[in-house]
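Please open the model in your viewer and follow the stops below in order. At each stop, make the selection named and compare the display with the description.

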Amino acid sequence: MNKTQEDANVTRPIRKVVILGGGTAGWMTAALLAKVLGATTQERRIAIELVESDDIGIIGVGEATIPPIQQFNAVLGIDEAEFLRETKATIKLAIRFENWGAIGESYYHTFGTAGRNLPFCSFHHFWTRARQLGIEGSYWDFDLNYLSAQAGKFAPTTGNDPIWDMPYAYHFDSALYGQFLRRYSERLGVVRTEGTVRDVQRAAGVGDIMALVLADGRQVAGDLFIDCSGGRGVLIQQQLGTGYEDWSHWLPCDRAMAVPSQRHAQTAPFTRSIAHGAGWQWQIPLQHRNGNGLVYSSRFCSDDEAAQVLLGHLETSALDEPRIIHFRTGRTRRQWNRNVVAIGLSSGFLEPLESTSIYLIQSAITRLLHLFPHDGITAQLIGEYNRQSQIEMELIRDFIILHYHANQRRDSAFWRDLRQMEVPERLARKIALFAANGTLVQDQYDIFMEPSWAQVLMGQGIVPADYHPLADGPSEAQLRRQLAQLAQLKARPLDQLPSHDDYLQRLLGQPA
Ligand code: FAD
């Protein structure tokens, strides 16, 4: 195999994986690697050891997810009711964005779809034509996720017809999820070592990492190291000096203030994202409390102002003092460097506007398993892994930038600046194509599909000037009738759906 000395020194088969860090990233990695690699033959069996520091602890935020988390749990064979109970989880059908387009307006980014897409001509083209004809109705009237979210209702399967599919994700306590996966991983043989890494041993001075050196002198040797050490990037940055690509010129928020508050009487099946003068506030309903926080830019808002905004907008009593978290938006220049793969916050940071960090962890582990260097690390494996990781993260970055850039607000320098800024070229092209005639191009590795882009673009006021000619197929009368029938059809299961709280209570056998 072709290897370059600089990028890949480990030519031996991988027999031991060491994971540094026991946050969400560390335990998700341990669980999936143990489950999947455990199925290899005895000769190829791979030992997994996870090192975490009780002194340092975990970041302890991160509560909203997107639907692929269900596949992650399914591969592990986790029972949904047990998972919901153990992590105090609730159901998430959508995010409600408030004051993003203009103050006083809101829209939902749901996990569902509006109407049926035809080949070459998605539903939003028909809706655009209907709008131009003056036919009344919102784009979201045809989306069961939206209708159920608004009604505060939920049940997983509503019929045999895919038209009633309601893709969903979860809100959960990520610290509890980590502990849940720790128990799972240890049952599969993952060894947990408590200790703080102070140094590493490297091959021939500056080569691959051979072992972690703990504060008490113990050494943890391995062939492949997964850096899940959070924002510190203990291995990928502090040891290997990989470098960081900073994206704060596009995404200027650099702080978050988080505080839990008492639960609401009714549990909403969606996340709220409320834009304020220099950032936005999240509200995430869990079974036992609400998670709240303000993501803001320190250039436009002091910590004291942030505390006033956040605490002033809490709808239930705070359960703790607010906590400030600093971050720098961007990504490590290489997610895989030598024999170190960075997963989780060590690989980069994107604010939680679209709840993508836990998904990025899942996707990174899946990618690693696809490209796993069973017989030794090669430059080709590293190159492919880094190529895919970079594109994936850039596409999510662009989607998040869209929310800021497409704002219609005039009330603060923060929003005015973001509206006027130059966005990445790929995003500029996407917006222009959509604005012209509703064209949306699905990029490979983009987790957000066409309906997601359409909802955010239209939700923030970018409505196509024209539509695809195929949408001219039905006559005006037919279009009117078809849309009315579709709206009725979509809403049909609503009467039968239980409230979100009733659903959780039935499933968990206890009041949520
Ligand atoms: P951490 O939780 O920081 O874990 C790092 C681990 O490394 C710890 O166990 C620590 O002890 C260990 N460690 C570090 N240094 C050493 C050392 N020297 N020796 C030994 N051990 C060490 N994601 C979402 O998907 N949805 C959300 O809604 C969401 N909200 C967020 C809100 C905010 C404000 C922030 C900042 C992030 C949010 N995220 C969200 C991201 C999410 O929190 C993280 O992706 C996730 O928690 C993974 O963190 P981690 O495991 O990489 O790091």
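Begin by selecting helix H9, which gives the most to the shell around the ligand, with three residues. The model is a predicted one. Helix H9 spans 357-370, and helix H1, which spans 24-37, should be coloured as well: each of the two supplies at least two residues of that shell.

**The shell around the ligand**

Next, display the ligand together with the residues that surround it, 35 in number. Among these residues, the closest are Gly22, Val61, Ala64, Val197 and Ile358. Colouring the shell by residue class gives 18 nonpolar, 14 polar and three charged residues.

Which backbone atoms lie 3.1 Å from an oxygen atom of the ligand? Select Ser53, where a backbone N or O atom lies at that distance, 3.1 Å, from a ligand oxygen. Then select Gly57, which also places a backbone N or O atom 3.1 Å from an oxygen atom of the ligand. Finally, select Val197: here a backbone N or O atom lies 2.8 Å from a nitrogen atom of the ligand. Now show the surface of the ligand; taken alone it exposes 1,000 Å², and the protein buries 97% of that.

**Lys92**

Move on to Lys92, which UniProt lists, in an unreviewed entry, under "active site". This residue lies in strand S3, formed by residues 90-92. Is Lys92 buried or exposed? Its relative accessible area is 0%, and Lys92 is therefore buried, since the cut-off for that term is under 20%.

Show the residues in contact with Lys92, leaving aside neighbours within four places in sequence. They include Ala64, Thr65, Phe111, Tyr168, Ala169, Tyr170 and His171, and also Pro269, Thr271 and Ser355. For one of these partners, draw a distance: the backbone oxygen of Thr65 lies 3.1 Å from a polar atom of the Lys92 side chain.

**Thr267**

For the last stop, select Thr267, in the loop that runs between strand S13 (255-261) and strand S14 (270-276). Thr267 has a relative accessibility of 6% and so counts as buried. Show the side chain of Arg263 too, because a polar contact of 3.3 Å joins it to the side chain of Thr267, a residue that is buried at 6% relative accessibility.

Which residues are in contact with Thr267, leaving aside its neighbours within four places in sequence? Selecting them brings up Thr90, Pro285, Leu286, His500 and Asp501.

Key: Residues are numbered from 1 along each chain as its sequence is written. This is a predicted model: local features need pLDDT of at least 70, side-chain atom pairs count only at pLDDT 80 or more; totals for chains, interfaces and linings use all residues. Side-chain values use heavy atoms; hydrogens and water are left out. UniProt positions are given in the numbering used here, feature names are shortened, and annotations may be inferred rather than shown by experiment. Helices (H or I, at least four residues) and strands (E, at least two) are DSSP runs, numbered from the N terminus. Buried means under 20% relative accessible area, exposed over 50%, partly exposed in between (1.4 Å probe, protein chains only). Contact means heavy atoms within 4.5 Å. A polar contact is a pair of N or O atoms within 3.5 Å; within protein, one must be able to donate a hydrogen and the other to accept it, and residues adjacent in sequence count only if both atoms are side-chain atoms. A residue is near a molecule or strand if one of its heavy atoms lies within 4 Å of it. Accessible areas come from the Shrake-Rupley method with a 1.4 Å probe; for residues, only the protein chains shown count as cover. Ala, Val, Leu, Ile, Met, Phe, Trp, Tyr, Cys and Pro count as nonpolar, Asp, Glu, Lys and Arg as charged, and the others, Gly among them, as polar.
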